[in-house]
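Thanks, everyone, for making time this morning. I would like to walk you through one model, a few places at a time, so please keep the picture open while I talk.

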Amino acid sequence: MERDVERQHLPEEIGKLGNDELIIRLLFTINHLSRWLSPIHDETRLVRAVRRSEPSVKELVVQLRDEDLRVFPRIHAIATQNRPDLDRLPPVLRSEADQAWDRQAAVFEIMAEFRLLRQSTTSLLRSLPNDAWRRDGTSRIEHDWTIRSQAEYLLLNDARLLAGIDEALRRSGAREQIAAVSRAPYEELRRLAP
């Protein structure tokens with residue numbers, strides 16, 4: 001119940017963050033993943049879900065990476081073009097070879113891809129002056145996006161997926177026999193962020 005109440009306030013909390021704070025929180029996602037996953041040596045606990053209807057830790061990390069793959073081109077287009085038509089951006093589709101690689105890759109390899117993408121995203125965001133965060137791109141398929149709204153969207157997506165990874169790790173027992181610092185739950189880590 002407490003977690004549900006905290007999650008309801010997350011969008012409001014994100015709206016109050018300054019641009020620099022938002023960037024720091026986006027970077028913290030990488031730190032949270034490293035803290036949780038690096039000490040785990042039993043890859044099967046990360047690849048297999050406890051229940052068939054739930055995603056595994058690996059599948060959730062893939063979702064994190066894929067969302068950055070989708071959002072980065074939008075942010076880049078808005079930052080470099082005057083009111084770009086976001087619907088004209090080529091869709092980000094994983095080829096069959098990419099999907100095959102995802103299936104055989106270790107969680108840490110996918111996490112490394114995500115780290116590179118997130119660092120590219122935050123590097124671009126850091127290079128922008130504050131007034132550029134209001135720049136927008138148009139979309140008839142979804143809705144218009146600003147750079148700020150895309151960054152907020154990524155942070156909300158991170159919160160959802162990190163909460164899912166935290167729960168999947170708890171249920172799988174992957175955290176047994178590892179240091180307490182690497183077992184810190186997402187809600188506790190989120191409260192420590194600036």
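Let me begin with Thr29, which counts as buried because its relative accessibility is 2%, and buried here means under 20%. I should say straight away that what you are looking at is a predicted model, so please take each of these values as computed from that prediction. Thr29 is found in helix H3, which runs over residues 19-37. Which residues does Thr29 touch, leaving aside those up to four places away in sequence? They are Leu64, Phe114, Arg118, Asp158 and Leu162. With one of these, Asp158, there is also a polar contact between the side chains, at 2.7 Å.

Asp158 brings us to the packing of two further helices, since Asp158 in H8 is among the residues that take part where H7 meets H8. Helix H7 covers residues 107-127 and helix H8 covers residues 147-172, and the two pack at an angle of about 145° with their axes 12 Å apart. The crossing in which H7 passes H8 is left-handed. On the H7 side the residues in contact are Arg118, Thr121 and Leu125, while H8 contributes Ile147, Ala151, Leu154 and Asp158. By character, the residues of this contact divide into four nonpolar, one polar and two charged. Notice that Arg118 and Asp158, which belong to this contact between H7 and H8, are also among the residues that Thr29 touches.

Let me turn now to helix H6, residues 96-104, where we find Trp101. Is Trp101 buried, partly exposed or exposed? Its relative accessible area is 29%, and therefore Trp101 is partly exposed. Beyond its neighbours up to four places away in sequence, Trp101 touches Arg65, Arg94, Glu109, Ile110 and Glu113.

In the loop between helix H5, residues 57-80, and H6 lies Arg83. Arg83 has a phi near 45°, which is a positive value in a residue other than glycine. Arg83 is likewise described as partly exposed, because its relative accessible area is 44%.

Finally, a word on confidence, which I would ask you to keep in mind when you look at the model yourselves. The protein averages a pLDDT of 89, and 94% of the residues score at least 70. Over residues 1-8, however, pLDDT stays under 50, and for that stretch the model has nine contacts beyond four places in sequence.

Note on methods:
Residues numbered from 1 in each chain as written. Predicted model: local features only at pLDDT ≥ 70, side-chain atom pairs only at ≥ 80, totals over all residues. Heavy atoms only, no water. pLDDT = per-residue confidence, 0-100. Contact = heavy atoms within 4.5 Å. Helix = DSSP H or I, 4+ residues; strand = E, 2+ residues; numbered from the N terminus. Buried < 20%, exposed > 50% of the residue type's maximum accessible area, 1.4 Å probe, protein only. Polar contact = N/O pair within 3.5 Å; in protein donor to acceptor, adjacent residues only side chain to side chain. Axes fitted to C-alpha atoms, helices over the stretch in contact; angles between N-to-C directions. Left-handed = near helix turned anticlockwise from the far one by under 90°. Nonpolar A, V, L, I, M, F, W, Y, C, P; charged D, E, K, R; others polar.
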